[in-house]
Amino acid sequence: MNKTLKLPQALEDALLCANHSTSRRNFLKSSGALVIAVGVNAIPGGKVLAQAAAAGPYPDPDFLELDTWILLHPDNTATFFVGKTDGGQGTGTAFRQMMCDELDIAYDKTSLVMGSTDATPDQGGSGGSDAIERDGWPMRRVAAEARRVLLELASEHLDTPVAELAVSNATVSVRTDPAKSVTYAELVGGQRFDIALQGDNINATRGVASVKPVNELRVVGQSIQRYDVPPKVDGSLTWASDVKLPGMVHARNVRPPVAGAVLKSIDASSVDELPGFIQVVSRGNYVAVICEREEQAIAAARKLQAKWEPPAEAPFPASDDLFNFMRSAVPVSSREPVLQGDPDAALAAANRVIEADYEVPFQGHTAIGPAHALADPSNDQMTIYSNDMKSYGLRNGVAKFLDMPRDRVRVIYMDGPQVYGRTAADDAGFEAAFLAHELGRPVRVQWTRDEETAWDTKGPAYTFRMRGGLDADGNVVALEYDARAADYNHVGYNEPDTVLIAQLMGIRPANPASGNAATPSSHYAIPNQRMTGRVVSLPMIWETPLRTGNLRDPNGPQVTFAFESFIDELAAVARVDPIDFRLGLLEGSNEGEMFLRARSIATIRAAAEAYGWDSRPSPNAPVPDHQGPILPGRGIAYTYRNGTVATTIAEVEVNRESGRVWVKRLVCAHDCGLVVNPTGLRHTVECAMLHGLSRALWEEVRFDNEKVTSVDWASHPSLRHSDTPESIDVVLVNGDPNPDRPDLPPYGAGEGSHKPMIAAVANAIYDATGVRLRRAPFRRERVLAALQASST
Amino acid sequence: MSVVSLRVNGKTHEVDIDPTTPLLYVLRNDLGLQGPRFGCGLGQCGSCTVIVDGVATRSCITPASRAGGEITTLEGLAKDGQLDPLQQAWIDEQVPQCGYCQNGQILTARALLDRNPNPTDAEIREGMEGVLCRCMTYFRIQAAIKRAAREAGE
Ligand code: FES
Ligand code: FES
């Protein structure tokens with residue numbers, strides 16, 4: 001091993017700076033960060049690592065201490081410590097912007113440390129697109145409080161009342177005599193604030209100061225370049241998968257060849273002569289092979305001979321039979337229908353009743369970099385290097401799983417591949433910790449491509465039955481929505497009894513999680529509605545590769561596909577333009593929803609305008625004697641996600657000879673309230689759209705009745721360069737149709753534009769071809785089959 | 001085991017390994033490079049790309065003993081402390097999301113522009129087709145390649 005442990009630059013800088021100051025040293029010791037500093041300097045020799053680890057335990061940084069969040073350095077710079085992670089959407093940059101504004105310090109004088117359990121307060125890591133919406137608030141408030149404290153100190157120092165002081169870029173001066181000034185560093189650089197905060201929980205953390213009104217924010221609203229981009233581009237970033245430790249070994253899992261198979265025996269002689277072989281570890285149906293070198297572990301895992309007994313019953317139907325199975329299954333739960341008016345009577349009285357069924361298969365995370373983690377068990381502690389977006393949960397879960405005190409386990413969060421929900425990073429973290437615990441050496445676990453594609457958690461498959469009634473004038477008088485989700489035993493984050501290793505070991509929670517079959521989130525005024533969601537179970541619920549977990553907007557793309565496709569179907573039957581039809585449905589007078597409807601209308605109009613939408617019903621009237629294979633069309637879908645509203649228009653070219661669908665142009669009008677970093681937001685919205693496009697065109701987990709057969713990029717295709725639209729417009733509606741509300745808060749932006757994508761593409765295909773695709777994804781063979789079926 | 005000699009980013013390294021070891025693991029684990037990344041090990045995604053004698057090469061399926069030429073990794077792209085123009089274009093366009101795939105995107109684009117300094121949109125799509133991004137930064141990547149080509153022509 002010739003690599004020393006390298007930590008993220010911000011963490012190293014913070015520690016380096018802090019080491020100059022004795023008083024900060026105490027703070028850092030209590031936060032555990034000093035321990036890392038020792039490790040950084042010590043690892044080349046190897047020996048001091050043990051000493052560094054012995055410096056645990058790692059108690060939680062106290063979120064009620066200002067010093068936990070902000071460290072001012074003697075050179076008048078600052079480091080912020082927040083309990084979040086950034087999957088590449090630029091939230092780290094946004095956190096810094098928000099805190100800079102409240103603290104009154106220039107952006108480039110700050111750095112940020114995120115998501116390492118012993119160095120940053122527990123904000124839970126990431127998830128639910130709530131980084132700015134929820135977790136930004138305590139960050140802003142503590143920064144405002146630090147500014148308040150500094151102003152008071154400056155007042156004393158300059159012998160001037162606070163009201164007569166001005167602050168700019170970490171320097172306080174007397175308004176009437178700017179030459180009289182003092183820097184933050186001169187006031188507390190290298191010292192503790194020693195200020196207690198209040199709050200029952202971390203989200204409520206606050207000091208005495210209040211945050212600035214929106215019109216006083218200067219750094220917020222700027223498109224500052226993301227600080228994490230240069231190191232990702234020049235090769236200098238140390239990723240979680242790059243960390244090397246002295247004595248570290250490599251593990252590869254060996255999964256059951258068939259879901260539900262029981263391990264009968266392992267023939268260790270099949271591998272024990274291989275170079276570098278160290279050990280086979282197995283417990284229950286969990287098996288891993290450990291070798292000195294990575295390529296040795298790969299070879300050994302392939303060669304290991306083991307006897308597995310397949311289950312007596314098929315664990316699941318084959319993917320071709322999935323929807324029939326789901327429709328005929330007895331649901332494990334049905335939620336109380338959301339009822340409005342009398343849909344039965346309204347449907348009976350309707351002039352026309354339309355019915356349609358929709359289907360969405362299981363779709364996976366299938367990260368570009370398969371799951372991985374490194375665990376170091378030195379000195380009875382457990383340090384896990386991971387990109388898990390919920391590093392705190394990983395720490396708590398592993399502590400329980402290994403029956404270790406929480407304060408002996410820490411997770412050092414580092415960059416990694418995509419974390420759009422409950423990825424297998426959770427599973428790999430537990431596996432590395434377990435193996436390191438067993439072996440007493442640092443163990444790096446790396447999942448393989450087929451393992452990632454087959455065994456990561458899946459977004460649930462859905463079937464839908466929709467019914468709608470129109471009156472003689474084409475008004476929607478009734479709507480029925482009945483969804484079934486294969487989501488029983490939906491696994492949570494980092495649960496010690498549902499992570500894959502626990503399930504394979506036979507560990508079970510008392511009850512499987514009930515799962516969810518969600519209902520749509522639009523704000524259409526439809527007088528009579530019934531919305532029902534039912535959860536169905538596949539035969540096998542434990543140890544299954546078809547375990548469900550949160551995948552970017554966990555139910556939204558599926559539900560919105562069915563709902564917004566069906567709204568389009570109604571519009572087509574009514575012979576009304578799809579946008580006019582939607583606007584009509586939003587012009588109801590339900591008081592409670594006025595604000596939401598106004599924002600809905602604003603984004604729909606903004607999208608239509610940016611696109612240059614001309615009003616006409618779908619489908620596109622076929623041009624007489626249309627020559628050539630390409631049929632053009634356009635489609636719209638709109639949705640809410642929590643406080644965020646997104647309207648997407650897709651323009652497609654459908655090749656009627658090959659079935660290929662190319663989305664040539666995308667427009668998204670997006671309103672997530674206050675915008676912290678416009679460019680960062682635009683790119684997040686754009687990439688979330690294209691992720692949705694990948695799910696619309698390509699993604700589908702396939703399986704026979706014993707195993708997943710989608711195992712690599714050939715058997716599980718994903719969006720590619722050639723699928724990229726020619727143009728993408730993101731319109732930031734940012735607002736509020738009511739100009740008297742300058743303080744519209746920020747809402748989440750990681751998922752809103754992901755949600756309507758499948759629907760927008762389906763509606764565009766219909767517009768182009770007159771053929772309605774009710775089963776995603778729209779791969780060319782399915783499109784071609786639908787076109788052929790309609791022409792016969 | 002046998003001694004394999006590799007020229008990487010202008011330096012010669014001798015490593016004592018099983019010569020069939022994929023180049024990816026030698027670069028990452030023996031030479032401590034962090035640019036090339038493991039994505040599939042099957043030659044399907046491009047995350048592990050390095051440039052060997054001007055050709056974008058998938059190090060996960062290239063035995064170390066067969067990587068005889070001049071190897072450039074992402075770390076080796078900058079010259080004399082100056083980022084490669086393509087890297088700068090990547091920053092200007094703020095391309096990455098998670099960034100995990102970007103090693104392969106950048107190096108494949110570098111080899112593409114070296115072959116064809118002024119690619120059409122269709123040639124960019126075709127040349128980049130086999131490099132996958134699960135964060136779906138494709139539109140940004142293509143914009144950055146066009147920017148670098150444009151700026152090189154100015
Ligand atoms: S890791 Fe080499 S091509 Fe995917
Ligand atoms: S940026 Fe995340 S995979 Fe490409």
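The legends below accompany close-up views of a predicted model with chains A and B.

**Figure 1. Chain A as a whole in the predicted model.** The secondary structure of chain A comprises 22 helices and 27 strands. With a radius of gyration of 28 Å, close to the 28 Å that the globule rule gives for 792 residues, chain A is as compact as a globular protein of that length. Its C-alpha trace spans about 80 × 80 × 50 Å along the principal axes, and 64% of the 792 residues are buried. Of the contacts in chain A with a separation of 6 or more, 78% join residues 24 or more positions apart. The chain exposes about 27000 Å², and carbon and sulfur atoms supply 49% of that area.

**Figure 2. Confidence along chain A, with two stretches of low pLDDT.** The average pLDDT of chain A is 91, and 91% of the residues score at least 70. Over residues 1-6 of chain A, however, pLDDT stays under 50, and the model gives this stretch 18 contacts beyond four places in sequence. Residues 13-54 of chain A likewise have a pLDDT below 50, with 72 contacts in the model beyond near neighbours in sequence.

**Figure 3. The largest nonpolar core and the surroundings of Phe464(A).** This core has 111 residues, and those with the most contacts inside it are Phe464(A), Phe581(A), Val761(A) and Phe778(A). Leaving out residues up to four places away in sequence, Phe464(A) touches Ala356(A), Asp357(A), Tyr358(A) and Val360(A), as well as Tyr481(A), Asp482(A), Ala483(A), Gln558(A), Val559(A) and Ala562(A). Apart from the largest core lies another, of 55 residues, which includes Val249(A), Leu322(A), Leu394(A) and Ala424(A).

**Figure 4. Gly88(A), a buried loop residue touching chain B.** Gly88(A) is found in the loop that runs between β2 (78-82) and α6 (91-103) of chain A, and its relative accessible area of 0% places it among the buried residues. When residues up to four places away in sequence are not counted, Gly88(A) touches Arg226(A) and Lys232(A) from chain A, together with Pro96(B), Gln97(B) and Cys98(B) from chain B. Gly88(A) and Asp228(A) are separated by 140 residues in sequence, but their C-alpha atoms are 8.1 Å apart in space.

**Figure 5. Chain B as a whole in the predicted model.** Chain B has 5 helices and 5 strands, arranged from the N terminus in the order β-β-α-β-β-β-α-α-α-α. Its radius of gyration, 15 Å, agrees with the value near 15 Å that a compact globule of 154 residues would have. Taken along the principal axes, the C-alpha atoms fill a box of roughly 50 × 30 × 25 Å. Buried residues make up 62% of the chain, and residues 24 or more positions apart account for 54% of its contacts with a separation of 6 or more. The accessible surface comes to about 5700 Å², with 48% belonging to carbon and sulfur atoms.

**Figure 6. Helix α1 of chain B, covered by elements of both chains.** All 8 of the 8 residues of helix α1 (residues 23-30) of chain B are buried, so the helix is largely enclosed by the rest of the structure. These buried residues are Leu23(B), Leu24(B), Tyr25(B), Val26(B), Leu27(B), Arg28(B), Asn29(B) and Asp30(B). Their cover includes β7 (249-253) and α10 (294-303) of chain A, along with β1 (2-8), β2 (11-17), β3 (49-52) and β5 (70-72) of chain B. Following α1(B) is Gly32(B), which has a positive phi, near 70°.

**Figure 7. Gln87(B) and its contacts in both chains.** Gln87(B) belongs to helix α2 (residues 85-92) of chain B and is buried, its relative accessible area being 0%. Aside from neighbours within four places in sequence, Gln87(B) is in contact with Val233(A) and Asp234(A) in chain A, and with Leu74(B), Leu77(B), Ala78(B) and Ile106(B) in chain B.

**Figure 8. The two sides of helix α4 of chain B.** Within helix α4 (residues 121-128) of chain B, the residues Ile124(B), Arg125(B) and Met128(B) are buried. Because these three cover an arc of only 95° around the axis, they lie on the same side of α4(B). Ala122(B) and Glu126(B), on the other side of α4(B), are exposed. Among the elements that cover the buried residues of α4(B) are β26 (661-671) of chain A and, from chain B, α3 (102-115) and α5 (138-153).

Key. Residues numbered from 1 in each chain as written. Chains lettered and ligands numbered in written order. Predicted model: local features only at pLDDT ≥ 70, side-chain atom pairs only at ≥ 80, totals over all residues. Heavy atoms only, no water. Core = buried A, V, L, I, M, F, W, Y, C linked by side-chain atoms within 4.5 Å. Buried < 20%, exposed > 50% of the residue type's maximum accessible area, 1.4 Å probe, protein only. Contact = heavy atoms within 4.5 Å. Helix = DSSP H or I, 4+ residues; strand = E, 2+ residues; numbered from the N terminus. Arc of directions from axis to C-beta. pLDDT = per-residue confidence, 0-100. Rg over C-alpha atoms; globule rule 2.2 N^0.38 Å. Areas by Shrake-Rupley, 256 points an atom, 1.4 Å probe, with all protein chains shown as cover.
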